Amino acid sequence: MQMTDDILRNFCKGDERRAVTYRPWSVGDYSYATDGTIIVRVPRLDDVPPPHDRTIEKTAAKIDEWMARLADANRVPVPRIELPTPKSWCCDTCDGRGTKHDCRSCDCECYDCDGTGRCQQPIVVAWRGAYIAGQLWKLIAELPGSTIVASPPSPPIYDHVGFAFDGGVGVVMAMRKP
């Protein structure tokens, strides 16, 4: 599978308020995509522009540092796990409207349910002492040739778990114990 801007966008949040998570961006030899909890890095794609916010270059340098520390880590294929269907309920914050306010013209998306009107119980995958959000595990597992670090580097990189896939590498932030 050829990596494209569209595939990278699966790892972005689409929140215009934060340039780093809004869409993929390129610095130096690489293109990056993140939603703030997972980040992937691939060889630079021609259709992925540099960031508008120059402070992101410092973020890229930190990410490159993490990736270098994970380069020689022992990896294993990402286990394919059948994740359960999450339980959902009507959002208490917006009463199921999907909007912040009760006015007819409101198009302000509810933060608690991401505008869907429904909240979901999070699914968590335990991996060698780390807890990873189920939807992020699924994104990693679906990447071609995906492998995950079997044991953290020493010293560990915060609570991050490294992974690699055909044509790229990434880091996912572990959750606190559920």
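Colleague: Which side chains of strand E7 (residues 124–127) point to one face and are buried, and which point to the other?
Modeller: Val125 and Trp127 share one face and are buried, while Val124 and Ala126 point to the other face and are not. Buried means under 20% relative accessible area, exposed means over 50%, and partly exposed is in between (1.4 Å probe, protein chains only). Bear in mind that this is a predicted model, where local features need pLDDT of at least 70, side-chain atom pairs count only at pLDDT 80 or more, and totals for chains, interfaces and linings use all residues. Residues are numbered from 1 along each chain as its sequence is written, and side-chain values use heavy atoms, leaving out hydrogens and water.

Colleague: What makes E7 and strand E8 (residues 130–133) a pair?
Modeller: Strands (E, at least two residues) are DSSP runs, like helices (H or I, at least four), and are numbered from the N terminus. Two of them pair if DSSP finds at least two bridges between them. E7 and E8 are joined by four bridges and run antiparallel, so they meet that definition. Val125 of E7 has Ile132 of E8 opposite.

Colleague: And what sits between those strands in the hairpin?
Modeller: Two residues, and Arg128 takes a positive phi near 50 degrees in this hairpin.

Colleague: Where else is there a positive phi, in a residue that is not a glycine?
Modeller: Asp95 has one of about 55 degrees, and Asp114 is another non-glycine with about 55 degrees. Asp95 is in the loop between E5 and strand E6 (118–120), and Asp114 is also placed in the loop between E5 and E6.

Colleague: Why is Asp95 called exposed?
Modeller: Its relative accessibility is 57%, and the cut-off is over 50%, so the word applies. Asp114 gets that word too, at 55%.

Colleague: How many disulfides turn up, and what would count as one?
Modeller: Zero in the whole structure. A disulfide is a pair of cysteine sulfur atoms within 2.5 Å.

Colleague: Why is Cys91 not bonded to Cys94?
Modeller: The closest cysteine sulfur to that of Cys91 is the one in Cys94, but at 3.7 Å it is too far for a bond. Cys91 is also buried, since its relative accessible area is 1%.

Colleague: What about Cys90, buried or partly exposed?
Modeller: Partly exposed, because its 38% falls between the two cut-offs. Cys90 belongs to strand E5 (residues 88–90). Its C-alpha is 6.3 Å from that of Cys119, 29 residues away along the chain. Beyond its neighbours within four places in sequence, Cys90 is in contact (heavy atoms within 4.5 Å) with Asp95, Gly96, Gly117 and Arg118.

Colleague: Why is the aromatic pair of Tyr30 and Tyr32 called edge-to-face?
Modeller: Rings of Phe, Tyr and Trp (its six-membered ring) pair if their centres lie within 6.5 Å; planes under 30 degrees apart are stacked, over 60 edge-to-face, and the rest tilted. Four aromatic pairs are found in the whole structure. In the Tyr30 and Tyr32 pair, the centres are 6.4 Å apart and the planes are at 65 degrees, so both cut-offs are met. Tyr32 is buried at 0%, whereas Tyr30 is partly exposed at 29%. Together with Trp25 they form one aromatic cluster.

Colleague: How do you know that the charged end of Arg41 sits over the ring of Tyr30?
Modeller: The rule wants NZ of Lys or CZ of Arg within 6 Å of the ring centre and within 35 degrees of the ring normal. For Arg41 the distance to the centre is 3.9 Å.

Colleague: What makes the link between the side chains of Ser26 and Ser31 a polar contact?
Modeller: A polar contact is a pair of N or O atoms within 3.5 Å; within protein, one must be able to donate a hydrogen and the other to accept it, and residues adjacent in sequence count only if both atoms are side-chain atoms. The Ser26 and Ser31 side chains come in at 2.6 Å, so the distance fits. A side-chain polar atom of Ser26 is also 2.8 Å from the backbone oxygen of Val48. Ser26 lies in strand E1 (residues 25–27) and is buried at 1%.
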